[in-house]
Amino acid sequence: MSEPEYTAEGNTIGAIVYFSSASENTARFVANCHLQDEGINVYRIPLRPNEPELHVEEPYIIMVPTYGGGVAKKAVPVQVKKFLNNEQNRSYIRGVIASGNTNFGEAFCMAGDMIAAKCKVPFLYYFELMGTKEDVQKVRKGVVDFFNNQKLQAQNE
């Protein structure tokens, strides 16, 4: 199993796995969320092929930017496809958060739609580019609530 970029403080309740391009928009958004302070491990999917592969063995929400300028085939970054093509990594996905550019029109945040459909998990939230302070607050609260609800559901089964 890979080590988190940001390790959860206190009891771990879940994880975020994210991909960020060289623009670092998604990385800045994730850093601003301070999810590790809420018991969330934060993992980053490597940008370059020569970096070690990421292996996650705990329930996570994946956060991805949408690529391709509106072309569906190019919406999900190659690195994210590679990560999710690993059956073990894919087995732990519980939800999706996506970013995008409203200039993409109907393809805005399409990567989230595609991953959610393919992996049969909920598309939880979307935001534009680097997100707003409100997006950061909503994602921070939403991720914590999501994992707490997952825990409650598991206890009731």
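**Exercise 1.** In this predicted model, determine whether Phe19 is buried or exposed, and then classify the ring pair that Phe19 forms with Tyr67.

*Solution.* Phe19 has a relative accessible area of 0%, and because buried means under 20%, Phe19 is buried. Its partner Tyr67, at 28% relative accessibility, counts as partly exposed. A search of the whole structure finds six aromatic pairs. In the pair of Phe19 and Tyr67, the ring centres are 6.2 Å apart and the planes stand at 65 degrees; since an angle over 60 counts as edge-to-face, the pair is edge-to-face. Phe19 belongs to the loop between β1 and α1, whereas Tyr67 belongs to the loop between β3 and α2, so the pair ties together parts that are 48 residues apart in sequence.

**Exercise 2.** Work out how the rings of Phe29 and Phe127 are arranged, and which elements they lie in.

*Solution.* The centres of Phe29 and Phe127 are 3.9 Å apart, with 15 degrees between the planes, and the pair is stacked. Phe29 lies in helix α1 and Phe127 in strand β5, so this pair ties together parts that are 98 residues apart in sequence. Both Phe29 and Phe127 are buried.

**Exercise 3.** Identify the buried residues of helix α2 and explain why they are on the same side of the helix.

*Solution.* The buried residues of α2 (residues 78-85) are Val80, Phe83 and Leu84. They lie on the same side of α2 because they cover an arc of only 90 degrees around the axis. On the other side of α2, Val78 and Asn85 are exposed. The packing partners of the buried α2 residues are β1, β3, α3, β4 and α4.

Definitions and conventions. Residues numbered from 1 in each chain as written. Predicted model: local features only at pLDDT ≥ 70, side-chain atom pairs only at ≥ 80, totals over all residues. Heavy atoms only, no water. Buried < 20%, exposed > 50% of the residue type's maximum accessible area, 1.4 Å probe, protein only. Helix = DSSP H or I, 4+ residues; strand = E, 2+ residues; numbered from the N terminus. Arc of directions from axis to C-beta. Contact = heavy atoms within 4.5 Å. Phe/Tyr/Trp six-rings, centres within 6.5 Å; stacked < 30°, edge-to-face > 60°.
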